[in-house]
Amino acid sequence: GREIAFTSDRTGRPHIYLMGVDGLNIRRVSWDGTYNESPAWSPDGTKLAFVSRVEGVFQILVMDNATQKTTRLTYGLGHLLAALLLWHELEPGDEP
């Protein structure tokens, strides 16, 4: 891909950032939750999944790389495993 996703606590709490493969154009892309980590690109590179603490519970969110719109995949503890399994079964072009 053209970008690297990483976690940094440069603002005091962990958030997700993207940067070019040349190390330039660093920008924060996670704004939901108080603790964001574990970014993972979709197989086609169009979406970025990450873990976010929302309302005190860790949830899985997916960001569309083109629009930077974030969608929450899980709502509560029981959905975490199902969402992880779904994420790995998606084919390029499929929606979560």
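The legends below describe close-up views of a predicted model of one protein chain.

**Figure 1. The whole chain, with its helix and strands.** The predicted model contains 1 helix and 7 strands. Followed along the sequence, the elements come in the pattern β-β-β-β-β-β-β-α. Of the 96 residues in the protein chain, 30% are buried. The chain exposes about 5900 Å², and carbon and sulfur atoms supply 55% of that area. Among contacts with a separation of 6 or more, 20% are between residues 24 or more positions apart.

**Figure 2. The open sheet of 3 strands.** This view shows an open sheet with the strand order E1-E2-E3 and antiparallel pairing. Strands of a sheet pair through backbone hydrogen bonds, either parallel or antiparallel. Strand E1 (3–8) and strand E3 (27–28) are the edge strands, and each of them pairs on one side only. Strands E2 and E3 run antiparallel and are joined by 2 bridges. At one position of this sheet, Leu18 stands opposite Arg27 in E3.

**Figure 3. The open sheet of 4 strands.** The order in this open sheet is E4-E5-E6-E7, again with antiparallel pairing. Its edge strands are strand E4 (36–41) and strand E7 (70–72), each pairing on one side only. From one strand to the next, the twist averages 30°. Strand E5 (residues 47–54) pairs with strand E6 (residues 57–64) over 8 bridges in the antiparallel sense. Val54 has Val57 as its bridge partner in E6.

**Figure 4. The largest nonpolar core.** The core consists of 9 residues: Ala5, Ile16, Leu18, Val29, Leu48, Phe50, Val54, Leu61 and Met63. Strand E2 (15–20), E5 and E6 each supply at least two residues of this core. The largest share, 3 residues, comes from E5. Two residues from the earlier views belong to this core: Leu18 and Val54. Leu18 is the residue that stands opposite Arg27 in E3, and Val54 is the residue whose bridge partner in E6 is Val57.

**Figure 5. The surroundings of Val54.** Which residues does Val54 touch, not counting residues up to four places away in sequence? They are Gly33, Gln59, Leu61 and Arg72. One of these, Leu61, is also listed with Val54 in the largest nonpolar core. Leu61 falls in strand E6 (residues 57–64), which pairs with strand E5. Arg72 falls in strand E7 (70–72), an edge strand of its sheet.

**Figure 6. The stacked rings of Phe6 and Tyr17.** A search of the whole structure finds 2 aromatic pairs. In the pair shown here, the ring centres of Phe6 and Tyr17 are 5.7 Å apart and the planes are at 20°, so the pair is stacked. Phe6 is in strand E1 and Tyr17 is in strand E2, 11 residues apart, and the pair links distant parts of the chain. Phe6 counts as buried at 19% relative accessibility. Tyr17 has 5% relative accessibility and also counts as buried.

**Figure 7. The edge-to-face rings of Tyr35 and Phe58.** The ring centres of Tyr35 and Phe58 lie 5.8 Å apart with their planes at 85°, so this pair is edge-to-face. Tyr35 is in the loop between E3 and E4 while Phe58 is in strand E6, so the pair ties together parts that are 23 residues apart in sequence. Tyr35 is partly exposed, at 27% relative accessibility. Phe58 is likewise partly exposed, at 32%.

**Figure 8. Glu55 and Gln68, two loop residues with positive phi.** Most residues other than glycine have a negative phi. Glu55 has a positive value, with phi near 55°. Its place is the loop between E5 and E6. Is Glu55 buried or exposed? Glu55 is exposed, with a relative accessible area of 75%. Gln68 also has a positive phi, near 60°. Gln68 lies in the loop between E6 and E7. At 35% relative accessibility, Gln68 counts as partly exposed.

Conventions: Residues are numbered from 1 along each chain as its sequence is written. This is a predicted model: local features need pLDDT of at least 70, side-chain atom pairs count only at pLDDT 80 or more; totals for chains, interfaces and linings use all residues. Side-chain values use heavy atoms; hydrogens and water are left out. Two strands pair if DSSP finds at least two bridges between them. Axes are lines fitted to C-alpha atoms, for helices over the stretch in contact, and angles run from 0 to 180 degrees between N-to-C directions. Buried means under 20% relative accessible area, exposed over 50%, partly exposed in between (1.4 Å probe, protein chains only). Contact means heavy atoms within 4.5 Å. Accessible areas come from the Shrake-Rupley method with a 1.4 Å probe; for residues, only the protein chains shown count as cover. A nonpolar core is a set of buried Ala, Val, Leu, Ile, Met, Phe, Trp, Tyr and Cys residues joined through side-chain atoms within 4.5 Å. Rings of Phe, Tyr and Trp (its six-membered ring) pair if their centres lie within 6.5 Å; planes under 30 degrees apart count as stacked, over 60 as edge-to-face and the rest as tilted.
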